[in-house]
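Student: Could you take me through one part of this structure slowly? I'd like to see how a strand fits in with what surrounds it.

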Amino acid sequence: MRSTLFTLLFFFSTIYTNAQMGSAKQVTWSYNAKKIANNIFELSITANIAGNYHLYAIKAGVEGPVPTTINFNPNPLITLEGSIIEKGKKITKLESAWGGNVNFFEKTVTFTQKAKTKTNAKTNVNGKIQFMVCNDEMCLPPSEITFKIPIGG
């Protein structure tokens, strides 16, 4: 009885762990900071989306799908200028599962944010990204990852 219970617990914990990784298994992220003027940088966060999955835009269009959300941690050496810009081929499509038009990206998208440093010192821009991917058959559970982008210096 104990071994059966242990086996069942192990099985369900494995499923739960895989579900928690969900969307993160289908997207690889890369980060870059490019100096575009004196103490002004363009931060780039690029998502490479695997297979036939798509990643929802910052404004997904309807309630239901988890939009991509990028949150930057406060840093006293940096001020963010403007809002995040999506660079990629945005697709808007009627999805009956969500009851309306949704906005998403396939294959790749880059999110950019301008940042101004208050000094020439090296520092990091840290934050979190929450996102979800779907294909024509299913959606994977949302994932949250952390990032660190070196800047300045």
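Tutor: Let's begin with one strand and work outwards from there. Keep in mind that this is a predicted model.

Find strand β4, residues 69-72. Its side chains take turns: I70 and F72 point to one face and are buried, while T69 and N71 point to the other face and are not. That fits a general habit: in a regular strand, side chains alternate between the two faces of the sheet.

Now, who is β4's neighbour? It pairs with strand β9 (residues 123-131), antiparallel, over 4 bridges. If you want a spot to zoom in on, look at F72, which stands opposite G127 in β9. As a bit of background, strands of a sheet pair through backbone hydrogen bonds, either parallel or antiparallel.

Stay with F72 for a moment. Its relative accessibility is 18%, so it counts as buried, the cut-off being under 20%. The structure holds 6 aromatic pairs. In one of them, the rings of F72 and F147 have their centres 5.7 Å apart and their planes at 80°, so this pair is edge-to-face. F72 sits in β4 and F147 in strand β11 (residues 143-151), so the pair ties together parts that are 75 residues apart in sequence. F147 is buried too, with a relative accessible area of 5%.

Next, step back along the chain to T68, in the loop between β3 and β4. You might guess that a loop residue would be out in the open, but T68 has 1% relative accessibility, so it counts as buried. What does it touch? Leaving out residues up to four places away in sequence, T68 touches W29, L55, Y56, A57, I58, F111, I129, Q130 and F131. A polar atom of the T68 side chain also lies 2.5 Å from the backbone oxygen of Y56. Three names in that contact list are worth picking out: W29, F111 and F131. Those three form one aromatic cluster.

W29 leads us to another threonine as well. T46, in strand β2 (residues 40-49), touches T28, W29, S30, T108, V109 and T110, again not counting residues up to four places away in sequence. With 16% relative accessibility, T46 counts as buried. Its side chain makes a polar contact with the side chain of T110, at 2.9 Å.

Let's go back to L55 and Y56, which T68 touches. Strand β3 covers residues 54-56, and it belongs to an open sheet of 4 strands in the order β6-β7-β3-β10, with antiparallel pairing. The edge strands are β6 (90-95) and β10 (133-134), each of which pairs on one side only. β3 and β10 are joined by 2 bridges, and the bridge partner of L55 in β10 is V133.

The other end of β10 brings us to a disulfide. C134 is joined to C139, with an S to S distance of 1.9 Å. In general, a disulfide is a covalent bond between the sulfur atoms of two cysteines. The count here comes to 1 disulfide. The torsion about the S-S bond of C134 and C139 is about 105°, so the disulfide is right-handed. Are its two ends buried or exposed? C134 is buried, with a relative accessible area of 1%, whereas C139, at 35% relative accessibility, counts as partly exposed.

Conventions:
Residues numbered from 1 in each chain as written. Predicted model: local features only at pLDDT ≥ 70, side-chain atom pairs only at ≥ 80, totals over all residues. Heavy atoms only, no water. Buried < 20%, exposed > 50% of the residue type's maximum accessible area, 1.4 Å probe, protein only. Pairing = 2+ DSSP bridges. Polar contact = N/O pair within 3.5 Å; in protein donor to acceptor, adjacent residues only side chain to side chain. Contact = heavy atoms within 4.5 Å. Phe/Tyr/Trp six-rings, centres within 6.5 Å; stacked < 30°, edge-to-face > 60°. Disulfide = S-S within 2.5 Å.
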